[in-house]
Number of protein chains: 4
Amino acid sequence: MDDLPRVDPSRGLIGLNIIQPSSDNTFMTFKVKRLLALKRSRYQEIVVADIEDFGRSLILDNYIQSSEVDEYIYHESLVHPAMVAHPNPRKVLIIGGGEGATLREVLKHECVEKAVMVDIDREVVEMARKYLEKWHQGAFDDPRAEVVIADGLKYVREVKEKFDVIVLDLTDPYGIEISKKLYSEEFYRAIYNILTDEGLMVTQAGSSFFFEKVYDYVLRSVKSVFPIVVEYNVWVPVFGYANNFIVGSKKYDPLKLGVEEVDNILAKRGVKTRFYNGKTHVALMYTPIYRASGAIKR
Amino acid sequence: MDDLPRVDPSRGLIGLNIIQPSSDNTFMTFKVKRLLALKRSRYQEIVVADIEDFGRSLILDNYIQSSEVDEYIYHESLVHPAMVAHPNPRKVLIIGGGEGATLREVLKHECVEKAVMVDIDREVVEMARKYLEKWHQGAFDDPRAEVVIADGLKYVREVKEKFDVIVLDLTDPYGIEISKKLYSEEFYRAIYNILTDEGLMVTQAGSSFFFEKVYDYVLRSVKSVFPIVVEYNVWVPVFGYANNFIVGSKKYDPLKLGVEEVDNILAKRGVKTRFYNGKTHVALMYTPIYRASGAIKR
Amino acid sequence: MDDLPRVDPSRGLIGLNIIQPSSDNTFMTFKVKRLLALKRSRYQEIVVADIEDFGRSLILDNYIQSSEVDEYIYHESLVHPAMVAHPNPRKVLIIGGGEGATLREVLKHECVEKAVMVDIDREVVEMARKYLEKWHQGAFDDPRAEVVIADGLKYVREVKEKFDVIVLDLTDPYGIEISKKLYSEEFYRAIYNILTDEGLMVTQAGSSFFFEKVYDYVLRSVKSVFPIVVEYNVWVPVFGYANNFIVGSKKYDPLKLGVEEVDNILAKRGVKTRFYNGKTHVALMYTPIYRASGAIKR
Amino acid sequence: MDDLPRVDPSRGLIGLNIIQPSSDNTFMTFKVKRLLALKRSRYQEIVVADIEDFGRSLILDNYIQSSEVDEYIYHESLVHPAMVAHPNPRKVLIIGGGEGATLREVLKHECVEKAVMVDIDREVVEMARKYLEKWHQGAFDDPRAEVVIADGLKYVREVKEKFDVIVLDLTDPYGIEISKKLYSEEFYRAIYNILTDEGLMVTQAGSSFFFEKVYDYVLRSVKSVFPIVVEYNVWVPVFGYANNFIVGSKKYDPLKLGVEEVDNILAKRGVKTRFYNGKTHVALMYTPIYRASGAIKR
């Protein structure tokens with residue numbers, strides 16, 4: 001019977017897979033090795049799984065938020081360009097970022113005295129504490145960190161403090177209902193109001209290639225509030241696309257930083273990274289912005 | 001922002017799915033609602049999941065073995081034709097059948113005094129006890145039942161008893177290594193030797209449509225050992241195909257039973273079913289055997 | 001470099017595939033070997049492809065209508081139970097059935113003097129003439145056949161003739177817009193009016209397992225018009241499920257026909273088949289109706 | 001019947017799709033709008049299709065080679081860094097590149113007097129002439145161009161001329177048999193021998209993220225032959241990953257070119273591009289190399 005046909009049960013695209021939309025027509029599939037948690041919180045479906053090629057991963061409403069293998073690419077690219085553009089960021093606010101990795105990157109800057117992280121979904125933060133140790137690496141328990149479970153929009157409207165840098169680490173503007181209002185002009189105006197006069201903010205902005213209209217909406221919203229706006233993007237393997245980021249700034253421009261300048265700032269602040277450095281900073285600033293209608297050269 | 005494009009995260013074929021081969025080229029996908037267990041035993045990968053359309057399901061090495069919604073179709077069709085063909089089955093042997101549903105159907109016949117179930121994988125049986133209560137319905141604890149964790153081939157070679165009916169509820173002959181030898185002529189000869197002179201056996205036999213050559217191998221194996229051989233098949237929704245069964249018998253022929261005869265036997269033995277009755281029996285016997293090369297009319 | 005990893009480009013579920021919904025949550029995938037036509041008609045998207053396991057296939061709006069390998073199972077099961085139940089069908093009407101295979105089966109009955117086939121989409125019929133020779137086998141050119149391109153509902157309302165048997169070979173009630181009105185009580189009343197006093201009609205009715213509510217709607221519609229209603233179903237491999245059929249009859253009941261009776265009628269009328277015969281007829285009538293809420297035994 | 005459930009046949013991941021492996025475990029799916037050609041040449045399966053998000057696309061053995069929407073990103077990034085690094089490239093050799101887009105980019109440099117393109121598969125080139133006009137844009141008929149249908153390895157061994165720049169635009173080293181030998185040390189030695197003393201070559205090198213071992217094999221092969229080796233990578237949307245490129249050079253180093261220098265060279269040679277310019281060049285050189293084992297910062 002050895003020569004009889006048989007299906008190989010170990011090969012890819014059989015068994016348990018996660019199918020993730022890149023757009024309405026293009027999808028990625030990931031083979032699941034192990035499922036650690038699947039639950040519906042008040043706000044979203046939360047999955048923690050070990051997947052082939054990417055290891056431990058957090059999935060919210062069917063979108064992979066980050067994976068063990070490449071989360072540092074996303075989180076370093078999100079945090080450091082805005083942080084190095086500010087000469088002395090001492091107070092930092094993070095909206096979203098439930099995994100704790102954005103907080104981790106912010107706290108690497110020794111000049112930071114206080115970092116407040118506001119996430120709406122307590123269950124995501126609890127999942128992160130339990131399953132995503134490689135992400136937060138204890139950042140939640142850093143004495144400079146404060147974790148608040150609250151609606152980001154409400155928090156931003158009511159908080160009395162001002163911040164040097166604000167990092168918006170949200171689910172995509174097109175994917176999930178709960179974060180839509182956090183990409184509006186109204187929200188950015190509230191952000192503007194709690195930034196110091198030298199402050200800047202950065203938001204992740206999904207994919208300008210697959211969701212060009214949504215991206216343009218976000219870009220317009222930022223531009224209608226901030227005098228200095230900088231776009232950049234970087235390929236994040238587990239997303240399958242270059243993730244976009246938009247900086248809104250009152251005074252400082254990340255575009256103006258050169259290779260040595262960035263490397264000096266990182267050294268002075270004791271920041272150790274895996275992906276980001278002076279050359280990476282320039283690459284982020286110089287890489288064209290991908291759009292379905294044609295790349296935008298710098 | 002209400003008119004912006006967005007992907008609907010709740011729609012099908014997004015998120016967590018099980019992709020199951022029907023053949024090397026045709027596949028079924030099932031949306032997973034909840035994953036209850038995923039572990040690798042010594043013999044196979046065992047998954048218990050709740051899936052859309054089919055509810056709680058047991059998956060071994062990427063093949064769904066049975067689902068809450070339609071397991072009774074498979075298990076009743078496997079067990080009762082052979083059981084009613086025997087005038088007084090008192091001792092019954094089951095090889096495989098870890099979910100406990102085959103045992104449940106066998107024990108419905110009040111004439112049965114002893115039913116031995118032999119499964120190789122202790123962890124499947126433990127999973128069934130824990131997660132598949134709707135399958136076994138306490139059958140494991142029936143005083144007439146005896147559950148043995150052992151290699152079926154070895155058990156059949158060594159057991160000293162004789163049985164009236166033997167039911168082979170195994171994983172498919174093409175899918176999984178561990179059950180291949182349990183479809184060989186050698187194995188059926190061992191089965192023959194532990195049947196009484198009036199005994200009959202039945203085996204599930206996968207899909208004669210998608211795996212015609214494998215099916216023919218099994219059919220030839222049974223025919224080389226038993227004087228009376230009866231094939232039948234019935235669509236099992238979660239498999240996506242008509243599942244084949246083959247009876248090997250020393251004396252009695254299930255083909256000869258009419259509608260009333262079957263209904264009378266079931267009534268006499270106190271057997272209550274959801275799918276199988278006299279008319280179903282005749283339908284099973286009269287439905288053509290599906291093959292890729294053309295159906296075989298009766 | 002021989003020991004380097006590589007992906008095997010010939011294996012299943014890579015390359016060109018057709019993904020077909022069984023429901024909103026369960027899907028089948030078919031590997032495409034060759035695409036012969038893909039065009040959008042006024043009514044629907046029409047694809048003709050050669051696929052693995054099933055050969056040449058017609059796909060309308062992403063649903064496979066029939067395949068070379070198993071179309072005879074569907075078409076014989078659709079046509080013959082109603083045809084044999086009528087003692088002498090001379091005039092037959094087919095609504096839909098663009099492939100020409102339903103016409104082919106009807107014309108096998110030598111007693112048929114005239115068969116009118118009414119399909120709304122000229123392009124489907126032209127595709128069938130060009131690519132589906134194994135389906136129609138010249139039936140379109142039989143002197144007893146008349147092919148009309150028209151809206152079935154309009155045709156049925158306006159035609160002056162009466163028919164002995166009417167066969168409704170339509171796209172599914174849930175899948176495609178154009179056929180929805182052809183499953184309504186209003187339509188069946190119009191059908192009733194153009195049947196002779198001894199006439200009967202049969203309709204395909206999709207899947208009572210995956211679309212139970214839609215099926216119940218169709219069943220209620222037929223029952224509200226015809227005194228005798230018979231349901232049956234049979235697994236069609238390329239659909240992945242048992243396809244349902246419903247007979248509505250004024251006088252004759254297919255349930256009452258026995259094995260020999262059917263075989264005699266087929267012999268007398270010179271009907272040669274591959275799947276259907278007396279035993280198949282009884283199997284069709286005796287097989288339980290599959291439903292997600294539980295099978296309905298006969 | 002309006003409130004009955006129905007499947008929306010126009011939504012994504014239903015109907016005709018191309019499923020493409022990113023690795024053995026991660027896949028991308030693309031919705032097919034129209035299939036223009038599907039044929040098996042002597043060397044490979046060739047598909048030309050219009051797909052959602054990406055438009056017209058060429059697919060060889062299930063891997064998308066390039067799409068209408070983003071081919072310029074791949075082809076400009078492949079060709080120009082090596083071309084601008086050479087002070088005066090007059091004779092250029094292309095191996096592969098059947099779409100004609102690499103030839104198009106090479107010919108944009110007005111200093112080029114002769115460009116020889118050698119592709120093994122005549123049918124790919126014919127397909128490109130017929131279906132991929134946006135790729136070649138008439139380059140095949142440029143008087144400076146010479147198209148040779150031949151085995152690249154054989155051509156390189158036997159040609160008597162020397163070239164200033166050689167561009168290797170091949171199918172991936174892991175995907176398709178026919179190009180494997182074109183990534184070996186032996187082949188690069190032959191390339192070295194037909195380069196002038198100031199010459200450089202560039203090869204596409206698949207994905208260092210998904211196929212790190214294969215990439216390392218290629219990198220080692222280039223390093224064992226050339227004194228100057230430069231790696232770079234850029235996200236190509238239709239691939240779903242950052243595509244790698246490796247330059248092997250005898251004298252000039254693309255790493256040393258600054259923003260203005262590149263822009264001046266392009267202007268002097270009359271090169272108009274959509275993605276590549278001085279800033280893009282620096283971004284390509286400064287972007288870390290993605291690897292599953294961790295990104296390599298520059």
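In the predicted model, Leu93(C) has Val116(C) as its bridge partner in β7(C). This pairing belongs to a longer run, since strand β6 (residues 91–96) of chain C and strand β7 (residues 114–119) of chain C are joined in the parallel sense over five bridges. In general, strands of a sheet pair through backbone hydrogen bonds, and they do so in either a parallel or an antiparallel manner. Both β6 and β7 of chain C take their place in an open sheet of seven strands, whose order is β8-β7-β6-β9-β10-β12-β11 and whose pairing is mixed. The sheet is bounded by the edge strands β8 (145–149) and β11 (228–236) of chain C, each of which pairs on one side only, and from one strand to the next the twist averages 15°.

Strand pairing also occurs between chains. Strand β2 (residues 26–40) of chain B pairs with β2(C) in the antiparallel sense, again over five bridges, and within this pairing Met28(B) stands opposite Met28(C). The contact between the two chains draws on 38 residues from chain C and 38 residues from chain B. On the side of chain C that touches chain B, at least two residues each are supplied by β2 (26–40), β12 (241–249) and α9 (278–286), and of the elements of chain C it is β2(C) that gives the most, with six residues. By character, the residues on this side of chain C divide into 20 nonpolar, 10 polar and eight charged.

The relation between copies was examined for chains A and D. Chain A can be laid on chain D with an RMSD of 0.0 Å by a turn of 180° and a shift of 0.0 Å along the axis, which is the relation of a two-fold axis. Of the interface residues of chain A, 100% are also interface residues in chain D, so the copies meet through the same surface.

Within a single chain, a further contact is found between domains. Chain A is divided into domain 1 (17–65) and domain 2 (71–286), and the C-alpha centres of these two domains lie 22 Å apart. In the contact between them, 20 residues of domain 1 of chain A meet 19 residues of domain 2 of chain A. The elements that give two or more residues to the side of domain 1 that touches domain 2 are β2 (26–40), β3 (45–51), β4 (55–60) and β5 (63–67) of chain A. The residues on this side of domain 1 of chain A comprise 11 nonpolar, six polar and three charged.

Notes
Residues numbered from 1 in each chain as written. Chains lettered and ligands numbered in written order. Predicted model: local features only at pLDDT ≥ 70, side-chain atom pairs only at ≥ 80, totals over all residues. Domains from an automatic or database assignment. Contact = placed C-beta atoms within 7 Å. Helix = DSSP H or I, 4+ residues; strand = E, 2+ residues; numbered from the N terminus. Nonpolar A, V, L, I, M, F, W, Y, C, P; charged D, E, K, R; others polar. Pairing = 2+ DSSP bridges. Least-squares fit on C-alpha atoms with pLDDT ≥ 70 in both. Axes fitted to C-alpha atoms, helices over the stretch in contact; angles between N-to-C directions.
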